Amino acid sequence: MENASPPSNAPRAVHLDARQVRTLAHPLRMRLLGTLRADGPATATTLAGKLDTNTGATSYHLRQLAEVGLVTEDPDRGTGRQRWWRAAHDISSFEPTDFDDDPDARAAVQWIQADQVRLLAEQAERWMAVEHGYSREWRDAAGMSDVLLTLGPARLRALNDELWQLLQRYRDEPVPDEPEAEAVLVFLAAFPRVEGNR
């Protein structure tokens, strides 16, 4: 039986290895990869302008990401000395326990997770600073909430898997013909409530 090809709109995914997480645990590299995923292919010069850094640093860190397969050159766009880069994957994933025997990779994962929390707070603050300029529909649709559940690891995993499938379904649907449609960030976090020192 032949393997079925994934649909052409299926997201490209990578399960990160220890070398990739160690490379990714850097502020500029995280921003470069995130920008390429969100905005599409770009040159080092364009990325440097967007991220308020210099082209030399941008080029260096793009090469570091390329060395571990997280970004790749886009040869169809390059002309002469101008190199275009694109994200090699749409989705990165890892299990924190993948790195239990590698202290450096484990520290990198902790840094990446802390950076995601920082990004969530930064994006939420940006939204709150401008939300008054959005329509009532946008303001009522957007937001944050929380709920306290009592779950074991198996049910928490099932919940996360089900939520991820739902998010993937929305991601894979064609972009709706809505006049106000725009990119929306969705952060997903679920972990045990820890009080005080444990």
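Is aspartate 52 buried or exposed? In this predicted model, aspartate 52 comes out as exposed, because its relative accessibility is 73%. The residue sits in the loop between helix 3 (44-51) and helix 4. Its backbone is worth a look too: phi is positive, at about 55 degrees, even though aspartate 52 is not a glycine. For background, most residues other than glycine have a negative phi.

Moving on to the sheet, three strands make up an open arrangement in the order 2-4-3, with antiparallel pairing. Strand 2 (42-43) and strand 3 (71-73) take the edges with a single partner strand each, so one side of each has no neighbour in the sheet. Strand 3 and strand 4 run antiparallel and are joined by three bridges. As for individual residues, valine 71 has alanine 87 of strand 4 as its bridge partner. Helix 2 packs on this sheet and touches strand 2, strand 3 and strand 4, with its direction at about 85 degrees to that of strand 4.

Then there is the nonpolar interior. The largest nonpolar core holds 26 residues, and those touching the most other members are Val21, Leu24, Leu32, Leu36, Leu62, Leu70 and Val71. Two or more residues each come from helix 1 (18-24), helix 2 (27-39), helix 3, helix 4, strand 4 (84-87) and helix 5. Helix 2 gives the largest share, five residues. Valine 71, then, appears both in that list of core residues and as the bridge partner of alanine 87.

Leucine 32 gives a closer view of the packing. Leaving aside residues up to four places away in sequence, leucine 32 touches Leu47, Leu51, Thr58, His61, Leu62 and Leu65. One of these partners, histidine 61, has its place in helix 4 (residues 55-67). Histidine 61 counts as buried because its relative accessibility is 10%, under the 20% cut-off. With the same sequence neighbours left out, the contacts of histidine 61 are His26, Leu28, Arg29 and Leu32.

On the charged side, the structure holds 14 salt bridges. One of them links glutamate 95 with arginine 157, and the closest N and O atoms are 2.8 Å apart. Glutamate 95 belongs to the loop between strand 5 (91-93) and helix 5 (103-130), while arginine 157 belongs to helix 7 (residues 153-172), so this pair ties together parts 62 residues apart in sequence. Both ends are partly exposed: glutamate 95 has a relative accessible area of 28%, and arginine 157 has one of 42%.

Other salt bridges sit within a single helix. Glutamate 122 and arginine 118 form one, with the closest N and O atoms 2.7 Å apart. The two are four residues apart in helix 5, which means that about one helical turn separates them. Glutamate 122 is partly exposed at 27% relative accessibility, and arginine 118 is partly exposed with a relative accessible area of 40%. Helix 6 (residues 136-141) offers a pair with that spacing as well, since aspartate 140 and arginine 136 are four residues apart there, about one helical turn. Their side chains meet in a salt bridge at 3.9 Å, N to O. Aspartate 140 and arginine 136 are exposed. Finally, salt bridges with shared partners join Asp115, Arg118, Glu122 and Arg126 into one network.

Terms used:
Residues are numbered from 1 along each chain as its sequence is written. This is a predicted model: local features need pLDDT of at least 70, side-chain atom pairs count only at pLDDT 80 or more; totals for chains, interfaces and linings use all residues. Side-chain values use heavy atoms; hydrogens and water are left out. Buried means under 20% relative accessible area, exposed over 50%, partly exposed in between (1.4 Å probe, protein chains only). Contact means heavy atoms within 4.5 Å. A salt bridge is a side-chain nitrogen of Lys or Arg within 4 Å of a carboxyl oxygen of Asp or Glu. A nonpolar core is a set of buried Ala, Val, Leu, Ile, Met, Phe, Trp, Tyr and Cys residues joined through side-chain atoms within 4.5 Å. Two strands pair if DSSP finds at least two bridges between them. Axes are lines fitted to C-alpha atoms, for helices over the stretch in contact, and angles run from 0 to 180 degrees between N-to-C directions.
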